[in-house]
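Hi there,

Here is the structure I promised to pass on. Have a look at it first, and then read on for my notes on strands and salt bridges.

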Amino acid sequence: MAEITTLHGGAVRVVDYRCTATPEDRPFVETHQSYSISYVRSGSFTYRYRGADHEMVAGSVLIGHAGDEFMCTHDHHECGDECLSFHLTPASMDALTPGGNKGTRVWRSGALPPMPQLMVLGEFAQAAVENRNDLGLDEIGMAFVARFVELVAGQPRKSPQAHARDRRRAVETAMWIDANGADAIDLRAAADQAGLSPFHFLRLFAATIGVTPHQYLVRSRLRRAARLLADSDQSITEVALDVGFADLSNFVRTFHRAAGVSPRGFRAAARGDRKIFQERLGRRA
């Protein structure tokens, strides 16, 4: 009935849910295993929680409170639904929703209707799933949850004050990311290197460096790839794997999006094919 795919683990676990239930399928009681937020990408269903029914459609947001029971029914739609869900670890929960019981009440609001402030982040997350941007899923998950808390609690977070020591942490971590870019680095690993919680590190790094940690990692890999394409005889697949991309197609898409030319075209231009650069300049004129 449901297909569940974990897309990312770490400070925020990202899960792709695809439900094929129909009105004929008998609903059953389930339990939220963690604090979570689910962005409904398509379809519709009824979310029954704490005695209230919430009608979920594309753009709606389902809020899960760890340990609470719920039920989903599909009386209005025969094609199921798809959700992108962000599940928090206890440490991430504490960092994103401080305030003890007050924070807990935020997580018992059940659901939210389609809201532009969250829909934009939900679509950013979907684009990241499909490798259509260079944002990290864990980073978008943190931003999504933080924005949800602001909206429900009605208390916008203040921007962190970046003291000299903290700015140095961000710079040193950027240098570490650059030196280890071929390895699998996620938000939690970078935050551990800086000695901060993932949420606070993400805000500090972006404020200091001007891009998120994952964006910096991708751009560091692209910079190394450009150097290898220009200077070495490695195949394009070897270059992609050497700099840290898990598969060739993702590398080709990301490189083309950043450079405006394929890795093969870049290599040809670096070896004297002036026509490629002339064509690029002509399109931008």
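Before the strand pairs, one convention: two strands count as paired if DSSP finds at least two bridges between them. Please also keep in mind that this is a predicted model.

Let me start with the hairpin. Strand β1 (residues 2-8) and strand β2 (residues 12-19) run antiparallel and are joined by 6 bridges. One residue pair to look up is I4, whose bridge partner in β2 is Y17. The hairpin made by β1 and β2 has 3 residues between the strands, and G10 in the turn shows a positive phi of about 130 degrees.

Then there is an open sheet of 4 strands, with antiparallel pairing and the order β3-β8-β5-β6. Its edges are β3 (30-31) and β6 (52-56), each of which pairs on one side only. Within this sheet, β5 (residues 45-49) pairs with β6 in the antiparallel sense over 5 bridges. If you zoom in there, you will find Y49 opposite A52 in β6.

Now to the charged side chains. Searching the whole structure gave 11 salt bridges. Here are some that I looked at in detail.

R18 and E82 form a salt bridge, with their closest N and O atoms 3.0 Å apart. R18 belongs to strand β2 and E82 to strand β9 (residues 81-88), so this pair ties together parts that are 64 residues apart in sequence. How accessible are R18 and E82? R18 is partly exposed at 32% relative accessibility, and E82 is partly exposed as well, at 26%. The pair also sits in a wider set of contacts: a network of salt bridges links D16, R18, R41 and E82.

D68 and R108 also meet through their side chains, at 2.9 Å from N to O. Here D68 is in the loop between β7 (61-64) and β8 (69-73), while R108 is in the loop between α2 (101-106) and β10 (111-112), so the salt bridge ties together parts 40 residues apart in sequence. With a relative accessible area of 11%, D68 is buried because the cut-off for that class is under 20%. R108, by contrast, is partly exposed at 34%.

Finally, the side chains of R132 and E130 form a salt bridge with an N to O distance of 2.6 Å. R132 is partly exposed at 46% relative accessibility, and E130 is partly exposed at 38%.

Happy browsing, and best wishes!

Note on methods. Residues are numbered from 1 along each chain as its sequence is written. This is a predicted model: local features need pLDDT of at least 70, side-chain atom pairs count only at pLDDT 80 or more; totals for chains, interfaces and linings use all residues. Side-chain values use heavy atoms; hydrogens and water are left out. Helices (H or I, at least four residues) and strands (E, at least two) are DSSP runs, numbered from the N terminus. A salt bridge is a side-chain nitrogen of Lys or Arg within 4 Å of a carboxyl oxygen of Asp or Glu. Buried means under 20% relative accessible area, exposed over 50%, partly exposed in between (1.4 Å probe, protein chains only).
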